[in-house]
Amino acid sequence: MSEQDAIACLRIEIREWLAQNLPGNWRERQRGDDVAGFLAMQREWFGKLVEAGYATPHWPSEWPGGGRSLAEQIALFEELARGGAPRMSLFFVSLYHAAMTLVECGTDAQRARHLPAILKGEVWCQGFSEPGAGSDLAALRTRAERKGDRYIVSGQKIWSTLGHFADQCLLLVRTDSSGPKQAGITFLLMDMKSKGIDVRPIRQVTGDEEFAEIFLDEVEIPVENLVGKENEGWKVAQVTLSSERGLTLVELTERMALSLWRLVLAATGGTGDTAALDVSVARTVVDISARIEAMRAMLATLMENRIAGREAVGDASILKLAYSRLSRDFTALGLRLQGFAAMRDTGYVLGAGYETGNWMFDFLNSYQYNIAGGSNEIQRNIISERVLNMPREK
Amino acid sequence: MTSATDAMRIDPEEMRDAARRLLADKVDRRAGWEGRPDAGKALEADMGELGWFQLTAPEAQGGLGQPFDVLAPIYEEMGKSLAPVWLSSTMAAIDALNAAGTADAAEAITAVFEQGWRIAPLILPSGQSLARASLPMVPGVPGATHLLVVEEAGGAGALVAATAPGVTLAEVETWDLGRAYGSVVLSEVGDVACRLDAAQVLPVLRAHGELALAWDSIGGAAQCLAETVEYMLGRQQFGRAIASFQALKHRAADHKVAIELARSLVVRASDVFAVRGEDWQVLATQARILACEAYAAMAEDSIQLFGGVGFTWEYNPHLFLKRALVNQIIGGSPDELRDRVAADVCRRAMASRT
Ligand SMILES: Cc1cc2nc3c(=O)[nH]c(=O)nc-3n(C[C@H](O)[C@H](O)[C@H](O)COP(=O)(O)OP(=O)(O)OC[C@H]3O[C@@H](n4cnc5c(N)ncnc54)[C@H](O)[C@@H]3O)c2cc1C
């Protein structure tokens, strides 16, 4: 069977599986005001995906569900998005950032301990950012001192997505302040149940509490939880940060494409007839749909290049910036179409991509793509310096 | 459309190399702006000799039966070099005549190679017809031996010799001195080379034209960005290159993103057009909208980024700007294009319901 046929088969298989397994009521069960319901639904859905082998296509083949090609992973994400499945919000950091960091940089013991646990639902968070170290991540100051077979860690992390639900944390700490700032950083795995940890959820602009502050007061972390070598954590962090390899954008773009059509249907009373739309709205729909199609095409090219090992410097930044700006304009269109009704807080669905049901929520939420994971301005620095070869910031 | 077997497919990248060589050798991009003799005719003759007009024509008519893929790099390189010819006029006409599928139309295609016909497409807005039409600024009219006239609303179409009774052509001066334009007046034209069904030829004529403009814009925008950044690297103020000011770097980065995003859609729309795949007409129009917008924004900003010299005739940013703005509006403004496809775009929403 050719690779293309294999992918077509996989798509059919997933669609059939979704028809059997997608809980029809997941939106009701992931209401924003019902955190317990959200957690239960996410665990149930994750369990089904693991069982079917759909949660870990990107893992190496010796692990359950692993060994799928990048093309298959893309197909899987597209089908889940098109099939209207909930996002794997609660487990995304576990499956991608944590697992891939361990696969590439961890010890056998670390993998043996955590990968099976992740499959059973271990939740991870990422403790990189600090109040004083955001875009300038390498300026982080949370201190770790080695005492015998443990590190003693004190400091503060912030913006950790899912921090208050997490069992484990990917932690960046400073172990040396004498040299260049990147040189003294160490990568540790931290059990969130350790003594000395205080986690406080932070309420977001949407009213939702999705990320948290983590205060660390002489937290003891065994040396066996060191990933890579001491003072060489910066390299490991780069692996973590590139672990999802563009798949998030593939998924989000597919979800946006579907949401645009839902929006158009809602605005035209289910007819899709432009006569029902204001001319300037119809024109904006044409532009947004053009940009979504362009994003899809650009992502497909990036993924092809990744598979072939010829990705160019800055490609990922160009994609991220294109996407983040599109997300602002797309949700602005939703806001405009939902009109005054969007100003009422009617509740929302968690983990639903762009289908939370309230466009004010989505509009506010879209800032996250423009800020997190390297803000738009940081992407512009990268593009101008590394792609256009303009002089570097000092 | 293609009829070449895979073995006979020309590698588009080879076409790009050939185009680059020819254009580097023959294009004097400031000729029109400095009143130097128009090099367009000679360049078009070279293109004819290289067999470019044959590229996408069917083999039965003496063509090479290549898919649109081989034209895309040529159009892009022409945009980069600011080439002073409207190659796409005759090329789009060939595609449209092929779509008509009649014996007369097939003969007309052969005449392009054998008798050197150069065809300018003419889409008549509603209210105009062969009996009475007037268009103020048509690409490629000076030098055209024939007009491919199609009524947008009425459904009639015809190939008409430029010398036929009732046809009056005149070269017009425009802001885009890099390419030639002419006015066309039709008055009771009865003597036609062949009649065509607009329903068959119009969509192909349009989509080919949109994609050619899109590629010209992608090439032009990328070249304009490269030249702008190069200038910024060389120009010193406050003791440093202006390219080191972050406010300017970020603008350059935004243009790069807009150009690459548009390019991705143009590539996709071209692939779909080559096989007349799903939504080929809509995609071609959307591709042109994005590409022309990116080009116009880039060229507008280029003048500002060059500063005082950007305001002069001597420097080149205005060459790009004037071409970009014509690309954006010729044959339909961005809003007209949006209105043309909006219904089809929104109809896709219905297909998404499963
Ligand atoms: C929803 C969300 C989830 C997140 N999840 C996590 C997580 O799970 N784990 C984690 O560790 N972190 C997480 N983050 C943190 C995120 O990575 C940081 O917010 C981001 O890196 C920006 O840092 P900052 O917030 O300190 O902003 P700052 O760095 O202070 O930036 C403020 C402004 O200054 C601009 N700026 C900064 N430097 C430059 C420069 N050199 N040139 C031009 N402009 C500049 C920025 O673009 C921004 O507009 C999350 C953030 C968000 C919003």
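**The A/B interface and its salt bridges**

Put together, chain A and chain B bury about 3300 Å², and 69% of that sits on carbon and sulfur atoms. Three residues, Trp261(A), Arg283(A) and Met390(A), account for 18% of the area chain A buries against chain B, more than any other three residues. All of this comes from a predicted model, so pLDDT limits apply: side-chain atom pairs count only at pLDDT 80 or more, while interface totals use all residues. In terms of contacts, 40 residues of chain A meet 37 residues of chain B.

On the polar side of things, 13 residue pairs are in polar contact between chain A and chain B, both partners being at pLDDT 80 or more. Helices do a good share of the touching on the chain A side: α8, α9 (279-307), α10 (315-338) and α13 each bring at least two residues to the side facing chain B. The top contributor there is α9(A), with 14 residues. Sorted by class, that side of chain A has 22 nonpolar, 8 polar and 10 charged residues.

Salt bridges come next. The whole structure has 56 of them over all chains, and 8 run between chain A and chain B. One example pairs Glu293(A) with Arg268(B), at 3.2 Å from N to O. Both of these residues also belong to a wider salt-bridge network, which links Arg11(A), Arg15(A), Glu78(A), Glu79(A), Arg82(A), Glu254(A), Glu293(A), Arg296(A), Arg268(B), Asp279(B) and Arg348(B).

Other salt bridges stay within one chain. In chain A, Glu251(A) pairs with Arg255(A), with 2.9 Å between the closest N and O atoms. The two sit 4 residues apart in helix α8 (residues 247-267), or about one turn of the helix, and both are buried.

A second pair in chain A joins Arg380(A) to Glu377(A), this time with the closest N and O atoms 3.8 Å apart. Here the spacing is 3 residues within helix α13 (residues 376-387), so about one helical turn separates the partners. Their surroundings can be read off the accessibility values: Arg380(A) has a relative accessible area of 11% and is therefore buried, whereas Glu377(A), at 42%, counts as partly exposed.

Chain B has its own case in Arg179(B) and Asp176(B), whose side chains meet in a salt bridge at 2.9 Å, N to O. Arg179(B) is classed as buried because its relative accessible area is 5%. Asp176(B) comes in at 2% relative accessibility, so this residue counts as buried too.

Definitions and conventions:
Residues numbered from 1 in each chain as written. Chains lettered and ligands numbered in written order. Predicted model: local features only at pLDDT ≥ 70, side-chain atom pairs only at ≥ 80, totals over all residues. Heavy atoms only, no water. Salt bridge = Lys/Arg side-chain N within 4 Å of Asp/Glu carboxyl O. Buried < 20%, exposed > 50% of the residue type's maximum accessible area, 1.4 Å probe, protein only. Contact = heavy atoms within 4.5 Å. Buried area = accessible area lost by both parts, 1.4 Å probe. Polar contact = N/O pair within 3.5 Å; in protein donor to acceptor, adjacent residues only side chain to side chain. Nonpolar A, V, L, I, M, F, W, Y, C, P; charged D, E, K, R; others polar.
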